[in-house]
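Have your viewer ready and follow along, one selection at a time. Each stop says what to pick and what you will find there.

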Amino acid sequence: MISNMKLKYFYTAVIALASLTACEDLDTKPGGATLTEEQKSEISDAMPSRAEAGVRSIFAQFNVYMPNETALNASRHNDFGYSSIMFFTDCNTEDMVSGDNGYNWGGNSLTYDDRPYTSRECQIVWNDYYSIIFTANAVVSANADAANAEDPDATKLFYLAQGYAARGFCYEELVQLYQFNYKGHESSPCVPLITNENATQAALEGAPRASVSDVYAQVTKDLTAAIELMTKVKEFNPKFTRSDKRYIDLATAYGLRARMNLAMQNWADAAADAQAAIDNGGAFDGSTCTPATIADVSKPTFKDASEKNWMWGIYIAETDDVVQSGIVNWISHNGTFNYGYGQYSGGHQISKKLYNSISATDIRKGWWSNADGECNNVSDEWNAYLVSKGFAPYTNCKFAPYKDVLGNDVNANDIPLMRIEEMYLILAEAQLMSGQDGKGTLEKFIQTYRDPAYTCKASDVQNEIYRHKRIELWGEGRIWFDVMRLNKGIDRRGGGYEPNCVLKIAADDPVLLWPVPQKEINGNNALSEADHVSITVPTAVADEDIDL
């Protein structure tokens, strides 16, 4: 896609994906010749299932068994689509404790040995995002005519919105992973911008790293287009619904733009978008999207996209390759009450200092086992299971096993990408930072849905909201983006980490950034070794008991 060498990797990914979806790329004929816009439109109109399969291909890439095996020339058990990135970034934080042992496939991210530009994790992250972008570009090209049609087809408008929203999502995350936050780094180099409009030129000539401001401009353009298109969908067909939550709906698009505006410190816009996400929740599937109640989260859950608080998720079926593999899937690594790598690696624990910051009256205290290794939110049978498996104190009890079957070896849990609770916390911070009553929004949300006895006594309310996000979204692949945008750095002292994993990393240390992979630099004519920033993998510091 970016060069002839890189193009090989992307076409390999797309060909493999086509075999899963029974769909050929709408940008090319079987022999490789380029289709005209008129031809693509004719195909979409005559074969709507082909156009739908193209859209499904975007989200199929979020859940793929070892999609990078060819590029890596290796089979990696931490290579299972977008949720691999969720896994890596969580392991990079100071909130997810795990053992640095042979069964822990997050070990390189735990120690930051994933940061050299030759690492396999480095290549996985890059390939996974740009493969989604590649498919999203094809979907945009195939459905672009719908935007200006005199009598638009609601379904094609929705498909076009999916392409824009998925591409915006990828660049929104890439810009935060590959460069420091927006303010003060607007002109800093970030990642190549490849759209359906410049893909051919990029393939022939290469693509340079765009600036942070240029990437954010593209994200703004894409997400705004998606919102406008889905607003039109509801105008032309008020009864239109998405078939399931793997697709991005209007509320989710607002949620993505709220995340973007938060990162850009556009506080008033972030508040407006978060409120719009809340107001439009469920509008595209006929449901009511509301936060999970205290009763809902008083037991392990977060396993099924049908849960009322999920806005967007990765759908997993029992027949999927990641499930059939048994252990090469997200919940295998991230779960406790199911069979998988967690059983052998020692599982994942919450940082002791973060756990100790949770009030005893907060239902989320029971999302992890206590200092005695028992969980307040599960039955005696499930606690006996925790003890029998030798799990350490503060072990994850948040995620239920598939179908709530204790010890289930069918790892078909859906994976959350966005929950409505995040929107309330974004709203609280954005209101606070724009001079509104964000503190009141935070208190009302926590009192209603998590801890009736809560009052905000913190002098730094923005940091208090961040603390609640760390608790609420633990294990869901979101907190790294807050670490970076708030310039927090990493301080694992007092967290319960093994000695070699007790790290203290300054907020401006380049090791926090993901590097452009060596293969991309070698294969992209517009890049050179000057685009590689040398980093030093951090070494351990002395541990000490400190509060959050």
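Start by selecting Y103, which is partly exposed, with a relative accessible area of 44%. This is a predicted model, so please read every value on the tour as computed from predicted coordinates. Y103 sits in the loop that runs between β1 (96-97) and α6 (107-111). Now add Y339 and Y344 to the selection and switch on a surface: together with Y103 they make a nonpolar patch there, with about 330 Å² of accessible area between them.

**Into helix α15**

Next, pick G342. Which helix holds G342? The answer is α15, covering residues 342-345. Is G342 buried or exposed? G342 is buried, since its relative accessible area is 1%, and the cut-off for that label is under 20%. Show what surrounds G342: beyond its neighbours within four places in sequence, G342 is in contact with S332, H333, G335, G347 and F391. If you like to check distances, draw one from the C-alpha of G342 to the C-alpha of I331: it should read 8.5 Å, for a pair 11 residues apart in sequence.

**A buried asparagine**

Move on to N68, in the loop between α3 (48-60) and α4 (69-72). N68 is buried, with 3% relative accessible area. With which side chains does the side chain of N68 make polar contacts? One is that of D79, at 2.9 Å. The other is that of D128, at 3.0 Å. Widen the selection to the residues that N68 touches, setting aside those up to four places away in sequence, and you get D79, I124, N127 and D128.

**Salt bridges, starting in helix α20**

Now for the charged pairs. How many salt bridges does a search of the whole structure find? It finds 32. Three of them make good stops.

Select E472 and R364 as the opening pair. They form a salt bridge whose closest N and O atoms are 3.1 Å apart. This pair links distant parts of the chain: E472 belongs to helix α20 (residues 461-472), while R364 lies in the loop between α16 (352-356) and α17 (380-388), 108 residues apart. Colour both by accessibility and you will see that E472 is buried, at 0% relative accessibility. R364 counts as buried as well, also at 0%.

Stay in helix α20 and pick E464 and R467. Their side chains meet in a salt bridge, 3.0 Å from N to O. Why is the separation of E464 and R467 about one helical turn? Because they are 3 residues apart in helix α20. E464 is buried, with a relative accessible area of 11%, and R467 counts as buried at 14%.

**Helix α21 and a network**

Go on to helix α21 (residues 479-485) and select D482 and R485. Their salt bridge has its closest N and O atoms 2.7 Å apart. Here too the partners are 3 residues apart in the helix, so they are separated by about one helical turn. D482 is buried, with 4% relative accessible area, and R485 is buried, with 8%. For a wider view of the charged residues, select D362, R364, K398, R419, E421, R450, E472 and E476 in one go: salt bridges that share partners join them into one network. You have already met two members of this network, R364 and E472.

**Zoom out**

Finally, clear the selection and show the protein as a cartoon. Its secondary structure comes to 22 helices and 8 strands. The radius of gyration is 22 Å, close to the 24 Å that the globule rule gives for 548 residues, so the protein is as compact as a globular protein of that length. Taken along the principal axes, its C-alpha atoms fill a box of roughly 65 × 50 × 45 Å.

Try a colouring by burial next: 62% of the 548 residues count as buried. A contact map is worth a look too. Among contacts between residues at least 6 apart in sequence, 72% join residues at least 24 apart. End on the surface: the protein exposes about 20,100 Å², and carbon and sulfur atoms supply 48% of that area.

Note on methods
Residues are numbered from 1 along each chain as its sequence is written. This is a predicted model: local features need pLDDT of at least 70, side-chain atom pairs count only at pLDDT 80 or more; totals for chains, interfaces and linings use all residues. Side-chain values use heavy atoms; hydrogens and water are left out. Helices (H or I, at least four residues) and strands (E, at least two) are DSSP runs, numbered from the N terminus. Buried means under 20% relative accessible area, exposed over 50%, partly exposed in between (1.4 Å probe, protein chains only). A polar contact is a pair of N or O atoms within 3.5 Å; within protein, one must be able to donate a hydrogen and the other to accept it, and residues adjacent in sequence count only if both atoms are side-chain atoms. Contact means heavy atoms within 4.5 Å. Patches are made of residues with over 30% relative accessible area and no salt bridge: like charges are joined within 9 Å, nonpolar side chains (Val, Leu, Ile, Met, Phe, Trp, Tyr) within 5 Å. Accessible areas come from the Shrake-Rupley method with a 1.4 Å probe; for residues, only the protein chains shown count as cover. A salt bridge is a side-chain nitrogen of Lys or Arg within 4 Å of a carboxyl oxygen of Asp or Glu. The radius of gyration is taken over C-alpha atoms; the globule rule is 2.2 Å times the number of residues to the power 0.38.
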